[in-house]
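Let's take a friendly look at how two chains meet. Have the picture open as you read.

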Amino acid sequence: MQVPILKQGQYLIASIQAALSDQDLVQLRDALAEKVGRLRARGVIVDVTVLDVMDSFASRTLRDLAHMTRLRGAETVIVGIQPEVAFSMVQLGLTLEGVDTALDLEEGLTFLDKKTKRSTSRG
Amino acid sequence: MASETIFSIYTDVDIVLARQKGRELASELGFALTDSTLIATAISELARNIVLYAKQGEIVIKNSLVGDRVCIVVVARDKGPGIADIPQAMQDGFSTSGGLGLGLPGVKRLVDEFHLVSDANSGTTITIKKWKR
C-alpha cells in the first residue's frame with residue numbers, strides 16, 4: 001500500500017490511507033526525502049490519523065523521516081496520532097523525541113506556516 | 001466462544017496481519033478501544049522480534065474464560081537463538097525509544113501478564129495476557 005504524496009504550495013502532504021507494513025513505511029520515508037529536494041518543498045506533513053498501531057519500528061521510521069527531511073532543508077510535522085495510540089506509545093517508551101507533532105492536518109499547516117515564515121518572508 | 005488463531009510469522013506483512021487479528025478479536029470480545037490498541041501493539045512488537053531475531057516463528061492468539069472473566073492470550077514462539085541474558089533484556093531503557101533492542105519491558109507494560117521462557121536450544125516463547133475490564 002503506497003502512500004500518496006500531494007504537493008500543496010511549498011508543502012508535501014503524505015496522507016496514510018491504511019495499515020502500513022515496514023516496507024511501506026521505509027518507502028514513504030525515502031520518497032519524502034527525495035521529493036523534498038525535487039519539488040523544493042519547505043515543509044512536510046505526515047497524516048497518521050488512520051494508523052491504529054504505532055509500534056517501535058513505525059515510530060523510529062517516522063523519527064528518521066523527520067530528521068532526514070530536516071537535513072534536506074524541510075520541516076516535518078506528524079499529525080493525527082490518535083489518543084489510544086499515543087497511550088500505547090508512551091507505555092512502550094516511544095516519545096518521538098525531536099519530532100514535531102500537531103493535532104490534525106489544519107493544525108499541522110498552521111504550525112508549518114509559522115515555522116517556515118522567516119524563510120518565506122525573505123523570498 | 002473460544003477461538004484460536006495461529007499465524008506463521010515470517011515477513012513484515014505477517015506482523016500487520018497478526019496484530020489486526022488481535023485487535024479484531026479484542027473488539028469482538030468487547031475490549032475497550034484503548035485495550036484493543038495495547039493488545040495490537042504488543043502483538044506487533046512480539047511479531048517484530050520474531051522476524052528480527054529468529055527469522056520465523058508463530059503467534060497464537062486466543063481468548064480464554066476464567067470464571068466469568070474474559071482474557072486474550074497471545075503466545076509468541078520461535079526456535080531462534082534464544083535470549084542470552086534475560087535480566088538484561090527485561091531491563092528498562094535497554095531498548096526503548098525505538099532502539100534495536102527487544103523492547104520487552106515496554107511490551108510488559110502494555111499487558112496484564114507477561115511470561116518469558118528462552119534458552120539457546122529451544123528458542124523463545126513469550127506468553128502475554130490481557131484481561132477485559
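What follows covers the contact between the chains, then one helix pair, then a single residue.

This is a predicted model, where local features need pLDDT of at least 70, side-chain atom pairs count only at pLDDT 80 or more, and totals for chains, interfaces and linings use all residues. Residues are numbered from 1 along each chain as its sequence is written, while chains are lettered from A and ligands numbered from 1 in the order in which they are written.

On chain A, 22 residues are in contact with 22 residues of chain B (contact: C-beta atoms, placed from the backbone, within 7 Å). Three helices of chain A each bring at least two residues to that side; helices here are DSSP runs of H or I, at least four residues, numbered from the N terminus.

| Helix of chain A | Residues |
|---|---|
| H1(A) | 22–38 |
| H2(A) | 56–71 |
| H3(A) | 83–92 |

H3(A) gives the largest share, 6 residues.

Now for the helix pair. The axes of H3(A) and H2(B), residues 33–54, come within 9 Å and cross at roughly 45° (axes are lines fitted to C-alpha atoms over the stretch in contact, with angles from 0 to 180 degrees between N-to-C directions). That makes H3(A) oblique to H2(B), since oblique is what's left after under 35 degrees (roughly parallel), over 145 (roughly antiparallel) and 65 to 115 (roughly perpendicular). Residues meeting here include Phe87(A) and Leu92(A) from H3(A), and Leu33(B) and Leu38(B) from H2(B).

Lastly, Gln27(A) sits in helix H1 of chain A. Is Gln27(A) buried or exposed? Gln27(A) counts as partly exposed because 15 C-beta neighbours lie inside 10 Å (20 or more is buried, 12 or fewer exposed, in between partly exposed, with C-beta atoms placed from the backbone).

Methods: Two residues are in contact if their C-beta atoms, placed from the backbone, lie within 7 Å.
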